[in-house]
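Please look at the structure below before reading on. The paragraphs that follow take up its nonpolar interior and then its charged side chains.

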Amino acid sequence: MAYTAMSGNGTTAGDDPLQTAVWRLRSRACWADAAALLQPVTAQAALQRAALLVERCLYTEQGWEEAEDALRTAEALAHSDDERGAAACERGQLAYAATLHSVRDRADEARAALGRAAALIAPGAAGRALLDFRRGLLAENLARSPQAARAAYRRAHAGATAHADPLLLSFTWRHLAGLALRDGELAEARHGFAESLRIREELGYLVGTAPALVSLAETETDPEASRLREEARRLFRLLGGVPTWLSRQLAPMPPAAGAATA
């Protein structure tokens with residue numbers, strides 16, 4: 001896994017054993033254990049470690065101080081433009097997560113950090129696709145601008161394709177499908193959600209599989225929709241209630257008026 005934290009390194013046979021171990025822990029929501037395998041003595045290792053702990057904040061709403069500490073170490077060790085840009089990208093993601101989860105409003109910091117990353121990461125570089133994706137997240141969830149989000153997700157999708165980053169593709173497929181569903185494009189949404197789920201299952205990205213199942217269920221009718229949601233609930237329980245924000249979508253539906261509640 002590269003410092004972008006969206007790389008698929010460690011997911012295939014022949015990869016570095018350390019990266020394979022990090023990936024297996026990360027994919028099972030064991031971010032702290034994965035981070036503990038990395039010694040932050042180089043810029044690359046420090047960036048990867050920070051990225052893991054930032055991702056943990058987004059999925060668990062915990063570990064903010066540890067992520068901040070890891071990020072400061074990564075920023076101190078970053079020397080090249082790519083390294084400084086990657087650190088800024090993680091800084092923006094952490095600020096975005098804190099804002100999204102109502103820990104603290106850091107929207108301005110998120111925008112500034114991602115803008116700084118855009119000035120440092122060259123167009124066409126591997127880290128640019130992740131940056132574009134995260135700028136899409138800000139546009140969709142903080143600025144409430146679906147058009148800007150769609151443009152950013154499409155750039156990220158093209159970049160992830162060019163750099164053969166399947167995990168990032170699973171995210172761009174899912175978020176483009178979410179925008180399509182919002183616009184009433186059911187077939188397009190179903191296709192995107194199905195592609196996202198397929199990639200995550202192939203990679204063994206267990207922590208991202210339950211959200212993918214829930215999203216696909218939104219485009220299906222029963223009994224398939226119920227089957228997908230039940231599988232999502234099983235994975236959600238298996239991972240100890242992670243990602244935390246999925247609990248709202250998996251809550252039992254209230255009974256219909258007049259229906260028996262026993």
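**From the core to the salt bridges**

Leaving aside residues up to four places away in sequence, Val207 is in contact with Arg26, Ser27, Ala29, Trp31, Tyr59, Leu239, Val242 and Pro243. The model shown here is a predicted one. Val207 belongs to the largest nonpolar core, which has 61 residues. Within this core, Val207 and Tyr59 are the residues with the most contacts. Tyr59 is also one of the residues that Val207 touches. Apart from the largest core there is another, made of 18 residues, including Val214, Leu228, Ala232 and Phe236. In soluble globular proteins, nonpolar side chains tend to be buried together.

Now turn to the charged side chains. How many salt bridges are there? The count comes to 22. Three of these pairs can be followed one by one.

Take helix α5, which covers residues 81–100. Asp81 and Arg84 both lie in this helix, three residues apart, which is about one turn. Their closest N and O atoms are 2.6 Å apart, and the two residues form a salt bridge. Are these residues buried or exposed? Asp81 has a relative accessibility of 40%, so it counts as partly exposed. Arg84 counts as partly exposed because its relative accessibility is 35%.

The next pair is in helix α10, residues 186–203. Here Arg198 and Glu202 are four residues apart, again about one turn of the helix. Their side chains meet in a salt bridge, with 3.2 Å from N to O. Arg198 is partly exposed, at 35% relative accessibility. Glu202, in contrast, has a relative accessible area of 58%; since the cut-off for exposed is over 50%, Glu202 counts as exposed.

The third pair is in helix α12, which runs over residues 224–238. Glu230 and Arg233 are three residues apart in this helix, about one turn. They form a salt bridge in which the closest N and O atoms are 3.5 Å apart. Glu230 has a relative accessible area of 39% and is therefore partly exposed. Arg233, at 22% relative accessibility, also counts as partly exposed, because the cut-off for buried is under 20%.

Salt bridges can also be linked to each other through shared partners. Which residues are joined in this way into one network? They are Glu68, Asp69, Arg72, Glu75, Arg91, Arg106 and Glu109.

How values were computed
Residues are numbered from 1 along each chain as its sequence is written. This is a predicted model: local features need pLDDT of at least 70, side-chain atom pairs count only at pLDDT 80 or more; totals for chains, interfaces and linings use all residues. Side-chain values use heavy atoms; hydrogens and water are left out. A salt bridge is a side-chain nitrogen of Lys or Arg within 4 Å of a carboxyl oxygen of Asp or Glu. Helices (H or I, at least four residues) and strands (E, at least two) are DSSP runs, numbered from the N terminus. Buried means under 20% relative accessible area, exposed over 50%, partly exposed in between (1.4 Å probe, protein chains only). A nonpolar core is a set of buried Ala, Val, Leu, Ile, Met, Phe, Trp, Tyr and Cys residues joined through side-chain atoms within 4.5 Å. Contact means heavy atoms within 4.5 Å.
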